[in-house]
Each structure stands twice: as C-alpha cells, then as structure tokens.
Amino acid sequence: MIRIGVIGGGLGTRCIIPKFREIENCQVEALMSGHYSNAQHLAKIYGIKYPCKNLDEMCSIPLDLICIASPPQFHYEQAIKIASHNINILCEKPFALTIPETNRLIDHFYNSKSKCFIDLELRFNPYFQYIKHHISEIGEIYNIKMHFESDLYLNKSIKNSWQFNEEEGGGIRLSIMPHFLDLLLYWIEANCISIRAHTISPVSKTITSEFCQVQMLFENNLLVELSASAIVPGPKTLIVELLGENGKFYFNTTNGLLFNNKIVDITLPQFYKNSESIFRSSFGCYARQLVSILETKEVIPESFTSLDDIKKIHQFLADIEKSAFYKTDIKYL
C-alpha cells in the first residue's frame with residue numbers, strides 16, 4: 001500500500017486527493033492545511049486518518065509520498081524538511097520563487113535517498129504522448145504553437161489570493177508556462193537560442209501577469225509561440241499545433257487530436273474524463289505512473305521530467321520575466 005500525505009486544502013482537495021483515491025493500493029493518509037481546523041474539517045469529509053497541525057507531525061507518519069500543494073512561497077522550506085526525513089515528494093510548480101533556491105533544492109535531490117517529482121502532468125496525457133511517439137511523421141518541425149485561455153482572473157475572489165500575486169508565485173506566467181515548457185522539453189531535443197516575452201494585465205492594471213506571450217527561437221529555425229490568458233470569458237481552452245515539413249498535429253480540448261486535419265483515434269483509459277479539466281485528467285494518468293514507481297522502487301524513468309529539465313524550466317521562467325520587464329531578447333547561443 002502506497003501511503004500519501006497532502007499539504008494544501010485547495011488544489012489538494014480539488015485534484016490530488018480524488019485522483020490518488022481512484023488508484024488501487026494507494027491511500028491518502030494525512031492532510032495539512034493553512035489552519036488546523038480546516039485540515040480537521042477536510043479530513044473528516046475525505047476520510048483521511050491524520051489531520052496534521054504542522055509538517056513535523058506529518059513527517060513523523062510513515063508515508064511514501066508527500067504532495068506539496070501549498071502556496072509557492074512555502075515550497076522550498078517544506079521540500080527541504082520532507083527530504084531530510086527521506087520521504088519522496090511531489091511538488092507543485094514552481095519549486096521555489098528564486099533561481100538560487102530552486103537550484104539548491106534540486107541539487108539536494110541529486111544525492112538524496114528520496115525521489116523528487118514535479119507536478120507537470122501534460123506529458124502524461126494520452127494525446128500528447130501520441131505526439132511524442134509519432135512526432136517524426138511530420139518531419140522537421142519549424143513551428144510550434146500553444147495557447148491556453150480561461151476566465152480565472154475575472155473571478156473577484158481570486159484577487160485576494162496568492163494566485164493573483166506575482167511576488168507570491170501567482171500570475172499566468174507561473175501558472176501555465178511551466179506546462180508548455182515541459183511539453184517542449186518532452187517533444188524536442190534542441191537548444192534554445194533566444195527568448196522574447198510580454199506580460200500584460202489589461203484588466204487589473206497590476207504587475208500580475210493576466211496575459212503572457214513568449215516567442216522562443218530554437219536551433220534549426222524552429223520558432224515556438226506560447227501564449228496564455230486568464231481573462232477570457234468562457235470555458236478553459238487549450239490549443240496546440242505542431243507544423244513540420246510533412247504535415248501537422250493539431251489539438252484542442254473540444255475535438256481532441258488531429259493529424260493532417262484527420263481525427264486521430266486514441267484509446268483513452270477508462271478513468272480518463274474528457275468532461276473535466278485536461279490538467280485534472282492528465283494528473284490521473286500521471287498519478288498512476290508515479291504510484292507504480294513507488295511500488296516497484298524503480299529508478300525514475302526518462303519519461304518523467306528530470307531534475308535537469310526542472311532546472312531548465314525554472315531558468316526559462318525567470319528569463320521570461322526578465323525579458324518582459326526589460327523589453328529585450330534573452331540570448332543563449
């Protein structure tokens with residue numbers, strides 16, 4: 001039985017706890033929230049044995065994995081403490097709010113007995129795994145576009161939360177761009193030459209990134225265009241397009257995956273639900289593979305985001321912020 005602890009009463013209860021509870025031989029045993037009374041309340045609702053007052057109490061429980069779904073400003077400190085108890089972690093992005101803290105944390109796990117996972121789940125989605133395994137069919141790729149939109153920041157209640165505070169790890173830049181960057185590293189093996197980014201907040205007029213656009217130039221003249229907005233009325237939408245010399249892959253959350261404008265017939269697992277958020281359904285796929293690794297105690301396979309790639313993603317995120325602020329290109333080669 002894989003025993004799991006969860007830190008965070010928001011995303012933890014909306015996604016992480018329900019998805020792990022779907023898996024056989026997996027039990028969510030402990031829960032910690034910002035307030036102990038809330039942890040007690042949620043533990044009763046979800047049938048969790050141990051509501052925890054603090055992280056020391058959670059780490060004293062025999063757990064195989066602790067999921068860090070707290071506000072990003074707490075990730076670094078919590079991850080370091082969990083690792084000191086030789087417990088595996090699954091951490092929400094970003095790992096930390098500064099590059100030095102991120103690198104220190106990742107360097108710690110290079111030589112740690114505990115395994116470190118980051119919650120970037122789109123690469124485990126069946127549609128995007130199909131692209132990975134068939135990407136050669138479109139030949140040399142010259143353009144990749146990814147776009148996400150939602151109405152999250154039009155919700156007035158979000159204004160008082162960390163999610164709307166760029167300095168605390170909020171903003172659309174840190175919310176969506178890590179997922180896009182991880183897919184790029186999963187699909188292609190090319191060095192980035194330059195980045196140009198823009199962040200805009202047309203609704204709130206604050207420093208929070210309500211809209212983020214990134215242009216990345218890779219080797220072999222591959223142009224990547226990433227954009228995300230949290231101020232578009234209507235349902236959440238994700239669009240992905242890869243253009244190659246022999247054709248294209250196109251995905252959207254309404255029609256699924258197309259290859260050269262023909263629908264690709266992909267057999268989805270029974271637990272996969274097209275009716276829910278693609279991130280939540282993708283996490284269901286991710287969670288099952290993660291639990292399998294913990295059960296067999298095998299080395300983390302290459303299909304997972306590596307520690308080196310986590311470093312790259314966080315450096316890209318910092319450079320996106322720098323490029324947008326100074327209105328300049330960031331060059332690598």
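Biologist: Which residues does Phe-128 touch, leaving out those up to four places away in sequence?
Modeller: In this predicted model, Phe-128 touches Leu-122, Leu-183, Tyr-186, Trp-187, Leu-238, Val-240, Phe-251 and Ile-278.

Biologist: And which residues in the largest nonpolar core touch the most other members?
Modeller: Phe-128 is one of them, along with Phe-20, Leu-184, Trp-187, Met-216, Leu-226 and Leu-242. That core has 111 residues.

Biologist: Phe-20 is on that list. Which residues of its helix, H1, are buried?
Modeller: H1 covers residues 11-21, and its buried residues are Gly-12, Thr-13, Cys-15, Ile-16, Ile-17, Lys-19 and Phe-20.

Biologist: What covers the buried residues of H1?
Modeller: The cover includes strands S1 (2-7), S2 (26-32), S4 (65-68) and S5, plus helices H2 (36-46) and H8.

Biologist: Switching to charges: where is Glu-121 found?
Modeller: Look in the loop that runs between strand S6 (116-118) and helix H6 (126-134).

Biologist: Is Glu-121 buried or exposed?
Modeller: Glu-121 is buried, and it has no salt bridge. Lys-93 is the nearest side chain of opposite charge, and it is 7.2 Å away. A salt bridge needs the charged atoms within 4 Å, so that pair doesn't make one.

Biologist: Then what is Glu-121 in contact with, leaving aside neighbours within four places in sequence?
Modeller: His-179, Phe-279, Ser-282, Phe-283 and Tyr-286.

Biologist: You mentioned Lys-93. Is the peptide bond from Lys-93 to Pro-94 cis or trans?
Modeller: That bond is cis, with omega near -5 degrees. Pro-94 sits in the loop between strand S5 (88-91) and helix H5 (99-110). For background, most peptide bonds are trans.

Biologist: OK, backbone angles next. What is the phi of Asn-220?
Modeller: Asn-220 has a positive phi of about 65 degrees, although it is not a glycine. Its place is the loop between strand S9 (211-218) and strand S10 (222-229). Asn-220 is exposed, with a relative accessible area of 57%.

Biologist: And what about phi of Lys-297?
Modeller: Phi there is near 60 degrees, again a positive value in a residue other than glycine. Lys-297 is in the loop between helix H8 (278-296) and helix H9 (307-326). Lys-297 counts as exposed, at 67% relative accessibility.

Biologist: Why point those out?
Modeller: Because most residues other than glycine have a negative phi.

Biologist: New topic: how many disulfides does the structure hold?
Modeller: Zero. Take Cys-59: the nearest cysteine sulfur belongs to Cys-52 and is 8.9 Å away. A disulfide needs the sulfurs within 2.5 Å, so Cys-59 is in none. Cys-59 counts as buried, at 7% relative accessibility.

Biologist: And how far from Cys-192 is the nearest cysteine sulfur?
Modeller: That sulfur is 14 Å away, on Cys-212, and Cys-192 is in no disulfide. Cys-192 also counts as buried, with 8% relative accessibility.

Biologist: Last one, the sheet. What is the strand order in the open sheet of nine strands?
Modeller: The order is S14-S13-S12-S11-S7-S10-S9-S8-S15, and the pairing is mixed. At the edges are strand S14 (262-263) and strand S15 (330-331), each of which pairs on one side only.

Biologist: How many bridges join S7 to S10?
Modeller: Seven, and the two strands run parallel. S7 spans residues 141-149. If you want a spot to look at, Asn-143 stands opposite Leu-223 in S10.

How values were computed: Residues are numbered from 1 along each chain as its sequence is written. This is a predicted model: local features need pLDDT of at least 70, side-chain atom pairs count only at pLDDT 80 or more; totals for chains, interfaces and linings use all residues. Side-chain values use heavy atoms; hydrogens and water are left out. A nonpolar core is a set of buried Ala, Val, Leu, Ile, Met, Phe, Trp, Tyr and Cys residues joined through side-chain atoms within 4.5 Å. Buried means under 20% relative accessible area, exposed over 50%, partly exposed in between (1.4 Å probe, protein chains only). Contact means heavy atoms within 4.5 Å. Helices (H or I, at least four residues) and strands (E, at least two) are DSSP runs, numbered from the N terminus. Lys and Arg count as positive and Asp and Glu as negative; His and the chain ends are not counted. Two strands pair if DSSP finds at least two bridges between them.
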